[in-house]
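Biologist: I am new to this structure and would like to understand the words people use for it. Could you walk me through them, one term at a time?

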Amino acid sequence: MNVNADLHIHSRYSAATSEMMDLDTIAAEARRKGIHIVGTGDALHPEWLENLRRLPERDGILWHNSTTGFVVTAEVEDLKGVHHLILIPDLSKAEELREIFRKSSSNMDTDGRPRVLLNGAEIADACIDADCIIGPSHAFTPWTGIFAHYRSLKECYGDRADDVSFIELGLSADSDYADRISELRDKTFLSNSDGHSPWSNKLGREFNQFDLMDISFKEIRLAIERRSGRRPILNVGFYPEEGKYNRTACTSCYKQYTMQEMDEHLGRCGCGGSIKLGVRDRVEILADLPHPVHPDHRPPYIHIIPLAEIIAMALGHRSVFTRGVRRIWSDLVSERTEIEVLLHAEISELNTDERVARAIEAFRSGDVVVTPGGGGRYGRISLPPPGARSKPSTPSQRSLLDF
């Protein structure tokens with residue numbers, strides 16, 4: 001069975017998250033999106049743990065109304081500021097991990113994403129000993145990604161590097177970026193939303209599709225480790241250029257620079273702001289391959305953005321929350337999930353505004369214009385003028401129609 005999973009979100013107990021990040025709202029919006037499994041996030045926080053205990057648990061999955069499955073997850077920040085995503089077999093293991101980490105944390109009870117004063121190897125030791133799955137969160141993000149601080153997995157995780165099963169790509173990177181680094185060849189790539197809001201433009205904005213026999217923690221582990229025929233079959237997410245740290249740029253005025261220009265300016269913009277190295281240039285520094293080399297196990301990576309954003313773009317609206325956008329979005333997902341609308345439905349059967357139908361078709365073919373982001377400002381996507389094509393479809397984008 002094909003299962004859509006967004007394994008990295010946060011609850012309302014993390015900083016800068018919506019108060020609506022509660023179990024009822026997350027589950028309802030996940031169903032509308034078409035996400036079958038959601039990470040709980042924040043499973044080390046005492047109040048969120050209490051919320052999670054109210055859900056029935058079966059085979060390591062917490063069930064909301066028997067329709068939305070939650071896998072127990074947490075994210076922690078280590079002593080160097082690197083973030084790690086942890087998939088946990090059940091609530092008892094979450095409690096065990098909490099007791100281990102609280103000895104090295106001053107904010108375990110106040111922040112859903114706690115800071116743990118241990119290094120990556122020590123955190124990995126504790127997680128693997130507790131039978132958890134661990135990997136770096138948004139690995140290429142300039143501030144808190146592993147490759148902002150280290151040149152390799154081994155530098156961070158030491159002797160546990162071989163036990164790291166996955167790399168979370170983050171919004172500013174995709175498989176083409178990561179597969180220029182040969183060290184990552186055997187790792188599974190995950191594309192998750194890191195959602196801080198339950199609404200459709202955040203939750204599931206990036207997700208994974210797995211081939212599983214059933215929905216259980218064991219099956220998710222098998223898929224991430226690509227054993228017994230289970231495997232990831234699709235990564236879905238943003239164009240990397242849309243990420244807000246894709247290009248090297250000033251964090252104050254957002255002016256973009258080449259790496260040489262950044263060095264010439266000693267990392268300081270003419271406006272007085274700091275120049276932050278972007279993901280694309282960081283990959284250039286780390287890469288030992290001139291072009292991406294995808295191993296046989298690597299699934300296609302499909303570039304798409306949330307349906308509400310596509311509708312707003314097609315209609316020329318600035319916000320995804322205007323009445324017109326919400327009306328069309330609600331009509332489109334009344335009989336299908338958002339993922340079905342984005343990836344699978346016949347365009348001719350959508351029965352929607354012609355501009356919206358054309359925009360969905362443009363994304364499916366990769367025929368969009370992407371203006372890269374950097375310095376903390378998201379990139380922009382626009383539709384080409386009628387009759388014009390921005391670029392040919394990539395092989396992975398064309399394979400979208402096969403799913």
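Modeller: Gladly! Let us begin at Arg226, which follows directly after helix α8 and has a positive phi of about 55°. Please keep in mind that this is a predicted model.

Biologist: What makes a positive phi worth pointing out?

Modeller: Most residues other than glycine have a negative phi. Ser228 also goes against that habit: its phi is positive, about 55°, although it is not a glycine. Ser228 sits in the loop between α8 (217-225) and β11 (231-237).

Biologist: Why is Ser228 called exposed?

Modeller: Exposed means over 50% relative accessible area. Ser228 has 54%, so the word applies.

Biologist: Which other serine has a positive phi, and where is it found?

Modeller: That is Ser66, with phi near 60°. Ser66 belongs to the loop between β4 (61-64) and β5 (68-77). Its relative accessibility is 64%, and therefore Ser66 counts as exposed too.

Biologist: Back to the helix. Why is α8 described as largely enclosed by the rest of the structure?

Modeller: Because seven of its nine residues are buried. Those buried residues are Phe217, Glu219, Ile220, Arg221, Leu222, Ala223 and Ile224.

Biologist: How do you know that Asp179 is buried?

Modeller: Buried means under 20% relative accessible area. Asp179 is at 2%, so it counts as buried. Asp179 lies in the loop between α7 (175-178) and β9 (188-190). Beyond its neighbours within four places in sequence, Asp179 is in contact with Phe189, Leu289, His291, Pro292, Val293, His294, Pro295 and Arg298.

Biologist: And what makes Ile328 buried?

Modeller: Its relative accessible area is 6%, so Ile328 falls under the 20% limit. Ile328 is part of helix α12 (residues 323-332). Not counting residues up to four places away in sequence, Ile328 touches Ile311, Leu315, Thr352, Asp353 and Val356. Gly273 is another matter: it is 55 residues from Ile328 along the chain, and their C-alpha atoms are separated by 41 Å.

Biologist: What makes a group of residues a nonpolar core?

Modeller: The members are buried residues of certain nonpolar kinds, joined through side-chain atoms within 4.5 Å. The largest such core here has 93 residues, and Leu97, Phe101 and Phe140 are those with the most contacts inside it. Helix α11 (residues 307-315) gives the most to this core, with seven residues. Another core lies apart from it and has 19 residues, including Trp63, Leu87, Phe210 and Leu212.

Biologist: How do you know that Phe101 is buried?

Modeller: Phe101 has a relative accessible area of 0%, which means it is under the 20% limit. Phe101 lies in helix α3 (residues 91-102). Leaving out residues up to four places away in sequence, it touches Leu44, Val76, Ile86, Met108, Val116, Leu118, Ile123, Ala126 and Cys127. Leu97, with the same neighbours in sequence left aside, is in contact with Leu44, Ile86, Ile88, Ala126, Cys127, Ala130 and Cys132.

Biologist: Why is one space called a cavity and another a pocket?

Modeller: A probe fits inside a cavity but cannot get out, whereas a pocket is open. With a cut-off of 30 Å³ or more, the count is one cavity. The largest cavity has a volume of about 40 Å³, which means it passes that cut-off. Its lining includes Lys33, Phe207, Pro306 and Leu342, and helix α13 (residues 338-344) gives the most, with three residues.

Biologist: What does the largest pocket look like in numbers?

Modeller: The largest pocket has a volume of about 470 Å³. It is lined by 21 residues, and His138, Thr141, Asp194, Lys244 and Tyr378 lie nearest its centre. By class, that lining has four nonpolar, 11 polar and six charged residues.

Biologist: How confident is the predictor in the chain?

Modeller: The mean pLDDT is 95, and 96% of the residues reach 70 or more. Over residues 392-403, however, the pLDDT is below 50, and this stretch has 24 contacts in the model beyond near neighbours in sequence.

Terms used: Residues numbered from 1 in each chain as written. Predicted model: local features only at pLDDT ≥ 70, side-chain atom pairs only at ≥ 80, totals over all residues. Heavy atoms only, no water. 1 Å grid on protein atoms, 1.4 Å probe; cavity = no way out; pocket = protein on both sides within 12 Å on 5 of 7 lines; lining within 4 Å. Points joined across faces, edges and corners; volume = space filled by probe spheres on them. Helix = DSSP H or I, 4+ residues; strand = E, 2+ residues; numbered from the N terminus. Buried < 20%, exposed > 50% of the residue type's maximum accessible area, 1.4 Å probe, protein only. Contact = heavy atoms within 4.5 Å. Nonpolar A, V, L, I, M, F, W, Y, C, P; charged D, E, K, R; others polar. pLDDT = per-residue confidence, 0-100.
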